[in-house]
Amino acid sequence: MHRPDPHSFYETSQPKTRRLRLKFGVDFERKRIEGEATLEFGDAVQGDLDLDTKGLEILSVKVPGQGPIPWSLGDEDAILGRRLRLALPAGTREVAVQYLTSPEAMALQWLDPAQTEGKQAPFLFSQCQQIHARTLVPCQDTPVVRVSYQAEVTVPEGLTAVMSAGPAGDAPAGPGRHAFRFTMPQPIPTYLLALAVGRLESRDLSPRSRVWAEPETVAAAAWEFAGVEDMILKAEGLFGAYPWDRYDMLVLPPSFPYGGMENPRMTFLTPTLLAGDRSLVDVVAHELAHSWTGNLVTNASMEHFWLNEGFTVWAERRILRILHGTEAEALGWAMGQNALEESLDRFKAEPHLTVLRLHLEGIDPDDAFSSIPYEKGARLVAALEREVGEERFHRFLRDYMDAFRFTSITTEQFCTFVDQQLPGALKAVGADAYLHQPGLPETAPVFQSGQLDRLAALAERWAEGGRPTPDQIAAWTPAELLVYLQKLPRQVTQADCAWLDQHLALMGRGNYEILVEWLALAAAADYEPAFPRIREVLMKVGRMKYLRPLYGALGGHARTRALAREIFAAASPGYHGLSRRVVQGVLEKYPA
Ligand code: BES
Ligand code: ZN
């Protein structure tokens, strides 16, 4: 017996699920899904089958045509949930589980109408990565197992359901109910199962891409993401033909805890990307790039997460270079460096979480999350590219995609493949240090540009009175302004804050990266004029990337700590469970 993924009860000796047939009855009143999951094995199988579940109420387990079969639930593990062991009789080709999800299911956030843009109807969305699919469906919840799926989702009339799949028709389903059908023919890891239900409209952006959003935001979303087809073409130039047929996007309500989630055929996005100037569309480039690095070639478990994110960040920056040039790319790497240093600092007492090849037995993957697999990983990929040259690396990428398409692989499999295709390259870049040593190797690639140097030099002169001129400020792109703010000292005075706000018009920024960077500076300075805006942002937005630094920066003064606690008490019922946990962790570290 062997469990290859420390975050799943999946046993290699047991049959693998090949296909899922799902029926979801969405009940907004009880905040539950009435589920039926039929697991198909392709062949006749028998014996024990261990599934992952968390918070699921199991109602019945049957082999269709034969009737109920024995099952048992194991003890609750705080991270993994409960093992559901089924005893499959000889000749089983499929097994059907009827169940109810819990209102606390981590994969699901149930929103009241007030938490939506239109304020008219409730909204439901899922977020299964890392290991939350098991709170939505009993399944082998590990990327080692890949499944195709079909689904029928029944929702209140007037609402629309979308999934990480292609649409396969919809029809009325009894009084006041409507059913939507979906099919995902390609095999995916369960963390890419995704569902959203709400008042939704769509706008076509190209023959193979459209954006979904609430009616109130769909026009703004269509404008912001109008360049998506161009990005798809550039990504295809890097990786080969787009493998998932359509690339659609869904803009969620602001409590969505991430910037974006690469659900296949339906990327989920935070509405904070709607800056009004297309300045945050690199997140779309990132989620799109996951169509290859992550969704086509997938990490075998969270211990190899860098294979997903490191490659994707590298690809995102490469697309940025192709679309906007090397100066823009260098700014992207600089923002990444900033995030990497923050994460290395946050994990300074946990150096084992700063290696790329992680060991996560007994560790909740959400607690191990940081920018390290992203940025350290991307730097390893860039180092390999520099070592062998762009052309050879380009060919390598194509071969890598071909060799492992629709499979899930480990770091060790990746290294074996690199050793075959690019002999000596891993050793030459010192890959071992990235993979197995904490921190960032000193030899890691550095990304320089003239503008980056100028911004850094200007920010460095802040304390001695150096200030940007009005002409400089007027000429800055949002990315340049952001990098400048990131390079300012973390502790500025209240007079400095007043200067910054006045000359850079920071309080009214629609670009959340800039707004939050500024509000964190202001919070750390105990700058009272920013308090109302801080409250507004924290009451509305649930994106963890913003909550962590903002609540963190509020920890520096008695008055801002009191403000943070008061805001959290009011805001936390509206936060996603993941976001609530992150903020609780930040508040617990405040001095008493
Ligand atoms: N797959 C991630 C989001 C994720 C990671 C969800 C881990 C759950 C667990 C997604 O591709 C991502 O990385 N999103 C980033 C944006 C990106 C530009 C770095 C985010 O949400 O900020
Ligand atoms: Zn990603």
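**Exercise 1. Which strand supplies the largest share of the lining of the second largest pocket, and how many residues is that?**

Before the solution, some conventions: this is a predicted model, in which local features need pLDDT of at least 70 and side-chain atom pairs count only at pLDDT 80 or more, while totals for chains, interfaces and linings use all residues. Residues are numbered from 1 along each chain as its sequence is written, chains are lettered from A and ligands numbered from 1 in the order in which they are written, and side-chain values use heavy atoms, with hydrogens and water left out.

Solution.

Step 1. On a 1 Å grid over the protein atoms alone, a pocket is an open set of points with protein on both sides within 12 Å along at least five of seven lines, a cavity is a set of points where a 1.4 Å probe fits but cannot get out, and lining residues have an atom within 4 Å of a point. Grid points are joined across faces, edges and corners, and a volume is the space filled by probe spheres set on the points.

Step 2. The second largest pocket holds about 440 Å³ of space, and of the 21 residues that line it, Pro103, Glu104, Ala105, Leu108 and Arg580 are the closest to its centre.

Step 3. Strand S7 (108-111) and helix H20 (577-588) each supply at least two lining residues, where helices (H or I, at least four residues) and strands (E, at least two) are DSSP runs numbered from the N terminus. The largest share, four residues, comes from S7.

Step 4. By class, the lining of this pocket divides into eight nonpolar, eight polar and five charged residues; here Ala, Val, Leu, Ile, Met, Phe, Trp, Tyr, Cys and Pro count as nonpolar, Asp, Glu, Lys and Arg as charged, and the others, Gly among them, as polar.

**Exercise 2. Describe the largest cavity and the residues around it.**

Solution.

Step 1. The structure holds five cavities of 30 Å³ or more, and the largest of them has a volume of about 80 Å³.

Step 2. Its lining includes Gln130, Met302, Phe305, Leu353 and Ala368, and the lining as a whole divides into 10 nonpolar residues, one polar and no charged.

Step 3. Gln130 lies in the loop between strand S8 (123-126) and strand S9 (146-156), and a cis peptide bond with omega of about -5 degrees joins Gln129 to Gln130.

**Exercise 3. Which residues coordinate the zinc ion (ligand 2)?**

Solution.

Step 1. Donors are N, O and S atoms within 2.8 Å of the metal (3.2 Å for Na, K and Ca), and water is not among the atoms, so sites may look incomplete.

Step 2. His286 and His290 each coordinate the zinc ion through NE2, and Glu309 does so through two OE entries, at 2.0 to 2.7 Å. Along the chain, these donors follow the spacing H-x3-H-x18-E.

Step 3. The pair His286, in helix H3 (residues 282-289), and Glu309, in helix H4 (residues 305-324), links distant parts of the chain, 23 residues apart. Both His286 and Glu309 are buried, that is, under 20% relative accessible area, with exposed meaning over 50% and partly exposed in between (1.4 Å probe, protein chains only).

**Exercise 4. In what order do the five strands of the open sheet that holds S14 and S15 stand?**

Solution.

Step 1. Two strands pair if DSSP finds at least two bridges between them. Five bridges join strand S14 (residues 201-206) to S15, and the two run antiparallel; a hairpin connects them through two residues, and Glu201 stands opposite Ala213 in S15.

Step 2. Strand S15 (residues 209-213) is mostly covered, with four of its five residues buried. Two bridges join S15 to strand S16 (residues 248-251) in a parallel run, with Trp212 opposite Leu250 in S16.

Step 3. The order is S14-S15-S16-S18-S17, with mixed pairing. S14 and strand S17 (260-261) stand at the edges, each with a single partner strand, so one side of each is left without a neighbour in the sheet.

**Exercise 5. Is Arg278 buried or partly exposed?**

Solution.

Step 1. Arg278 lies in the loop between strand S18 (266-269) and H3, and its phi is near 60 degrees, a positive value in a residue other than glycine.

Step 2. Arg278 counts as partly exposed because its relative accessibility is 35%.
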